[in-house]
Amino acid sequence: MDVEEAASKAVKNVSGKWTVEIIFELKRHPRTFTEISSNIEDISNKMMSNTLNELNSKSLVEKPENDKGYKLTEKGVETKKQLKKLGEVTRKYDGNGKI
């Protein structure tokens, strides 16, 4: 897979409405379903469950056997870092007519 195909796949992996918010909610430590839902406004339990299952199927999030909550996988941590960089670029140019 070349870099353009990989970039396209990466964007598709995080294109869901709640995906980025959930990834950033898990940035520091594992969180339970209840903790995640209480920190993200307007997300239904069904939508959050669907999004967490989708992130799990893409190997971005996992729920360990000890049931301490959901956490980012290594791939999820790397994806979060890239999303943060993208956010920094957007913040830098947003409002300046450049993006």
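This report walks through a predicted model, starting with one helix and moving on to the core, the charged pairs and a loop proline.

## Helix H4 and its two sides

Let's start with H4, which runs over residues 45-57. Its 13 residues reach 18 Å from the first C-alpha to the last, close to the 18 Å expected at 1.5 Å a residue.

Which residues of H4 are buried? They are Met48, Thr51, Leu52 and Leu55. These residues cover an arc of only 100° around the axis, so they sit on the same side of H4. Lys46 and Ser57, on the other side of the helix, are exposed.

As for what lies over the buried residues of H4, the cover includes three helices, H1 (3-13), H2 (19-25) and H3 (33-39), along with strand E1 (61-62). Just past the end of H4, Ser59 has a positive phi of about 60°.

## The nonpolar core

Leu52 turns up again in the largest nonpolar core, a set of 16 residues. Together with Ile22, Leu26, Ile36 and Val61, Leu52 is among the members that touch the most others. Two elements, H2 and H4, give two or more residues to this core, and H4 gives the most, with 3 residues.

Leu26 is worth a closer look. Setting aside residues up to four places away in sequence, Leu26 touches Ile36 and Val61, and also Arg31, Tyr70, Lys71 and Leu72.

## Salt bridges

How many salt bridges does a search of the whole structure find? The count is 4. One of them links the side chains of Arg31 and Glu25, at 3.2 Å from N to O. Glu25 has a relative accessible area of 14%, so it counts as buried, the cut-off for that being under 20%. Arg31 is also one of the residues that Leu26 touches.

Elsewhere, Glu54 pairs with Lys58 in a salt bridge whose closest N and O atoms are 2.9 Å apart. Glu54 is partly exposed, at 36% relative accessibility. Then there is the bridge between the side chains of Lys81 and Glu78, at 3.4 Å from N to O. Both of these residues lie in helix H5, 3 residues apart, or about one turn of the helix. Lys81 is partly exposed at 39% relative accessibility, and Glu78 is partly exposed too, with a relative accessible area of 40%.

## A buried lysine without a partner

Lys80 also belongs to H5, which spans residues 74-93. Here's the odd part: Lys80 is buried yet has no salt bridge. Where is the nearest side chain of opposite charge? That side chain is Glu78, 8.8 Å away, and Glu78 is the residue that bridges to Lys81.

So what does Lys80 touch? Beyond its neighbours within four places in sequence, Lys80 is in contact with Ile23, Phe24, Lys27 and Leu72. Leu72 is also on the contact list of Leu26.

## Pro64 in its loop

Pro64 sits in the loop between E1 and strand E2 (71-72). Is Pro64 buried or partly exposed? Pro64 is partly exposed, with a relative accessible area of 23%.

Not counting neighbours within four places in sequence, Pro64 contacts Gly69 and Lys71. Lys71 is touched by Leu26 as well. Along the chain, Pro64 and Glu4 are 60 residues apart, and their C-alpha atoms are separated by 33 Å.

Methods. Residues are numbered from 1 along each chain as its sequence is written. This is a predicted model: local features need pLDDT of at least 70, side-chain atom pairs count only at pLDDT 80 or more; totals for chains, interfaces and linings use all residues. Side-chain values use heavy atoms; hydrogens and water are left out. Helices (H or I, at least four residues) and strands (E, at least two) are DSSP runs, numbered from the N terminus. The expected span of a helix is 1.5 Å times one less than its number of residues. Buried means under 20% relative accessible area, exposed over 50%, partly exposed in between (1.4 Å probe, protein chains only). The arc is that of the directions from the helix axis to the C-beta atoms. Contact means heavy atoms within 4.5 Å. Lys and Arg count as positive and Asp and Glu as negative; His and the chain ends are not counted. A nonpolar core is a set of buried Ala, Val, Leu, Ile, Met, Phe, Trp, Tyr and Cys residues joined through side-chain atoms within 4.5 Å.
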